[in-house]
Each structure stands twice: as structure tokens, then as C-alpha cells.
2 protein chains.
Amino acid sequence: MGRGKIAIERIDNATNRQVTFSKRRGGLMKKARELAILCDADLALIVFSSTGRLYDFASSRSVS
Amino acid sequence: MGRGKIAIERIDNATNRQVTFSKRRGGLMKKARELAILCDADLALIVFSSTGRLYDFASSRSVS
DNA sequence: CTCACTATGTATAATCT
DNA sequence: TAGATTATACATAGTGA
């Protein structure tokens, strides 16, 4: 998607890899939230960047 | 996306909700796998359907 | 129900600032 | 370089078998 097509393999360039990580992480979190809401599902997503930082999302269907 | 636009809210029709769950779960898993590979990230995704079934994906960056 | 199709909405790679 | 833009590849809502 985007301007060009890319192969699904590790991005060698560190800067580009970081930019792609940030963009796709956001997109993945959004999709996860949508799935939880649309389909009334419970769901947890945990991501560690290659630099060791943690990002997560968890739905809360029944808990406030 | 798709033929029409939908609001992000619980799908009332049970059959349609199940179909959407199946489609989007697949898409989400694919995106998760791509993020793990492209950005060399470790990641886990756990989903419980509204009927209680479990689906999961976990990357394995260092373990075989 | 489950699978395939496809028109269309969305995510995003490349680019620009 | 981080944030905005934009053209394009991808995901998917509706449909039909």
C-alpha cells in the first residue's frame, strides 16, 4: 500500500524502520480497537519495539 | 472500506457480527505479523470472540 | 453456514515541508 | 528530523452462490 509496494521482510534502514513501526503500530492499535467494538470481542495487544519499548492495547468489554 | 461505510459500534445482527469478526480477525493477525517482520518487533495478540473462543498470534524474533 | 467476488473505504510508502 | 500530504496498494462491506 502507499506509493510503492514493499516486500514483507525486515527493513534494513533504521530510520525508515522506526518510521514504519510508528505508523503501523498506530494502524494496528486502531484495527484492534475497531474489532473489539464492532464484534464485542475481548482483546489484548502487546508490542515491544526493537529498541525494547512497550506499547499495548486492551479492550474492556465488561469492566468500566 | 468495502462497498459501504460502517460506524464503529457493536454490530447488532449476530450473523453479520460473526462474519465481520472472522474477516477482521484475519486482517488484524496479518497486520500484526507484518509489523513484527518489517520492524523486527516482538508482539503478542490475544482475541476472545464474543462466544468465548480464543485466537492468538505471537511473533518469535529470537526463538525458533 | 462458508466461500468467492469486487466496488469502495482505509492504511500507508514515498514524498514534501 | 518529525509532522503533513498524497498517490497507491490493501482490507473489507455488501453481495451472490
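Below are four short exercises on a predicted two-chain model, each with a worked solution.

Residues are numbered from 1 along each chain as written, with chains lettered from A in the order in which they are written. In this predicted model, local features need pLDDT of at least 70 and side-chain atom pairs count only at pLDDT 80 or more, while totals for chains, interfaces and linings use all residues; side-chain values use heavy atoms, without hydrogens and water.

**Exercise 1. The symmetry**

Task: work out which rotation and shift superpose chain B on chain A.

Solution:
- Start with the principle: two copies of a chain are related by a rotation about an axis and a shift along it.
- Here the superposition is by least squares on the C-alpha atoms of residues with pLDDT of at least 70 in both copies.
- Chain B falls on chain A after a rotation of 180° with 0.0 Å of shift along the axis, at an RMSD of 0.1 Å.
- The two copies are thus related as by a two-fold rotation axis.
- To find the axis in chain B, go to B:Leu45, whose C-alpha comes closest to it of the residues of that chain, at 2.2 Å.

**Exercise 2. The interface**

Task: describe what chain B brings to its meeting with chain A.

Solution:
- Count contacts (heavy atoms within 4.5 Å): 32 residues of chain B touch 32 residues of chain A.
- Compare the two sides: 100% of the interface residues of chain B are also interface residues in chain A, so the copies meet through the same surface.
- Next take the buried area, meaning the accessible area (1.4 Å probe) that the two parts lose on being put together, summed over both. The chains bury about 2800 Å² between them, with 68% of it on carbon and sulfur atoms.
- Now look for salt bridges (a side-chain nitrogen of Lys or Arg within 4 Å of a carboxyl oxygen of Asp or Glu). There are four between the chains, and one joins the side chains of A:Asp40 and B:Arg10 at 3.5 Å, N to O.
- Then assign the chain B side to its elements, where helices (H or I, at least four residues) and strands (E, at least two) are DSSP runs numbered from the N terminus. Both α1 (14-39) and β1 (42-48) of chain B supply at least two residues each, and α1(B) gives the largest share, 13 residues.

**Exercise 3. The strands**

Task: trace how β1(A) is paired, within chain A and across to chain B.

Solution:
- Two strands pair if DSSP finds at least two bridges between them.
- Across the interface, β1 (residues 42-48) of chain A runs antiparallel to β1(B), joined by seven bridges. Among the bridge partners, A:Asp42 goes with B:Phe48 and A:Val47 with B:Leu43.
- Within chain A, five antiparallel bridges link β1(A) to β2 (residues 54-58), with A:Ala44 partnered by A:Ala58.
- Chain B has five bridges between β1(B) and its antiparallel β2 (residues 54-58); there B:Ile46 stands opposite B:Asp56.

**Exercise 4. Positive phi**

Task: find where residues with a positive phi lie, starting from A:Asp40.

Solution:
- A:Asp40 has a phi of about 55° although it is not a glycine, and sits in the loop between α1 (14-38) and β1 of chain A.
- B:Asp40 also has a positive phi of about 55°, in the loop between α1 and β1 of chain B.
- In the hairpin of β1(A) and β2(A), five residues separate the strands, and A:Gly52 in the turn has a positive phi of about 95°.
- The hairpin of β1(B) and β2(B) likewise has five residues between its strands, with B:Gly52 at a positive phi near 95°.
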